[in-house]
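Thanks for coming. I have one model to show today, and I will keep to its geometry.

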Amino acid sequence: MAYDVEEMKHLLRSQQFDRTMLQNLFSITDDIKSKFETKEGQLELKKKLADKMMFNIFYEPSTRTRISFASAGIHLGMDVVFTENAREFSSAAKGETLEDSIRVMCQYRPDTIVMRHYEIGASERAAAVAGDSVAIINAGDGGGQHPTQALLDLYTIQNELGKVDDLNIVIGGDLQNGRTARSLCYLLSKFSNIKVTLVSPPELRMERDIIEHLTEHGIEYVETDNELEKLAVSADVIYWTRIQSERIADKELVARCQDKYIIDKNITSRMKEKSIILHPLPRVHEISKEIDSDPRSAYFRQAGNGMFVRMALLLELLQNK
Ligand code: NCD
């Protein structure tokens, strides 16, 4: 394991980070954000990775991750080559294996391949065949992980509440299939005096590997399928997610769960003044628009942080290579 993001070759899982690396990354993010305030700062950033190239290859739908990564690269001066819907528009549609596609792409000398794929472990497979000087970044692998989302989620918690320790965090929705909640749990386990409450329908509970990880790291956790009104009262963070309908074959289950938990004024009216609501987005049914103007609704600010955290990450991963 690399002890520094600069020493990291690929970014595949949240577990690659420790607390010091996270704090470093977040202070670089703050620095980038403040540079971005001025034209001179923006021009300075534009020179940082001017000799680097990113391939942005998405086999699954994406708005935020794809566009914020591309924007992050462009703001740092990178050239960006991208394909969206690679499942249909790349040679995957002709039967080419992921490994062969990655081997070929590496011939064109990118510095990084930011990849989203529908299979768990796809980014590990890509990393195993990528050329020596190509950093694979996992932008979501099926129901596996989404480490850069977790980084921006954690950054947003720190930015909004001033800390990550000593927090009561309620994570809910489709915890079985949602990769962002999985990746976030891995990062939260680095902090102290955290209490995690996992809210989901019984059929969509968090996988046991994450529960074991929380237990091993001494994180206090509770699993429940309801009580949201009660939990809202003491929550510092409500991190909500959608039912991942594209990953669930049982459409009756989707219909049953889709409107089960909705964060609306009934919930926010119970929340503390200093607390936040996060969501990786896209939201479907689970966050009512009526709470968008509540200052505690931080999900759009969270999405905005995504670009800056990804800029910090690209800088750290690629700057000295
Ligand atoms: C998430 C994802 O792709 O896992 N979206 C994102 O990257 N912000 C969450 C989701 O799709 O529900």
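I will go through the sheet, then one loop residue, then the cavities.

Bear in mind that this is a predicted model.

Start with the sheet. It is an open sheet of 5 strands, in the order β7-β6-β5-β8-β9, and the pairing is parallel. At the edges stand β7, residues 220-224, and β9, residues 276-278. Each of these two has a single partner strand, so one side of each has no neighbour in the sheet. On average, neighbouring strands are turned by 15° against each other, with direction ignored.

Within that order, look at β5 and β6. Strand β5 covers residues 168-172 and β6 covers residues 195-199; they run parallel and are joined by 5 bridges. To pick out one position, V170 has T197 in β6 as its bridge partner. A helix packs on this sheet: α8, residues 179-188, which touches β5, β6 and β8, the last being 237-240. The direction of α8 makes about 160° with that of β5.

Between α8 and β6 there is a loop, and K190 is found in it. Is K190 buried or exposed? Neither label applies: its relative accessibility is 23%, so K190 counts as partly exposed. What does K190 touch, once neighbours within four places in sequence are left aside? The contacts are Q15, F17, D18, R19 and L22. For a distance across the model, take K190 and I262: they are 72 residues apart along the chain, and their C-alpha atoms are separated by 29 Å.

Now the cavities. How many are there of 30 Å³ or more? The structure holds 2.

The largest cavity has about 50 Å³ of space. Its lining consists of R64, Q149, L152, H279, P280, Y299, Q302, A303, G306 and R310. Two elements give two or more residues to that lining, namely α7 (147-161) and α13 (299-318). The largest share, 5 residues, comes from α13. Sorted by class, the lining has 4 nonpolar, 4 polar and 2 charged residues.

The second largest cavity has a volume of about 40 Å³. Lining it are G173, W240, T241, R242, I243, C257, Q258, Y261 and E286. By class, that lining has 4 nonpolar, 3 polar and 2 charged residues. One of the lining residues, W240, also brings us back to the sheet, since β8 spans 237-240.

That is the end of the tour.

Key. Residues are numbered from 1 along each chain as its sequence is written. This is a predicted model: local features need pLDDT of at least 70, side-chain atom pairs count only at pLDDT 80 or more; totals for chains, interfaces and linings use all residues. Side-chain values use heavy atoms; hydrogens and water are left out. On a 1 Å grid over the protein atoms alone, a cavity is a set of points where a 1.4 Å probe fits but cannot get out, and a pocket is an open set with protein on both sides within 12 Å along at least five of seven lines; lining residues have an atom within 4 Å of a point. Grid points are joined across faces, edges and corners, and a volume is the space filled by probe spheres set on the points. Helices (H or I, at least four residues) and strands (E, at least two) are DSSP runs, numbered from the N terminus. Ala, Val, Leu, Ile, Met, Phe, Trp, Tyr, Cys and Pro count as nonpolar, Asp, Glu, Lys and Arg as charged, and the others, Gly among them, as polar. Two strands pair if DSSP finds at least two bridges between them. Axes are lines fitted to C-alpha atoms, for helices over the stretch in contact, and angles run from 0 to 180 degrees between N-to-C directions. Contact means heavy atoms within 4.5 Å. Buried means under 20% relative accessible area, exposed over 50%, partly exposed in between (1.4 Å probe, protein chains only).
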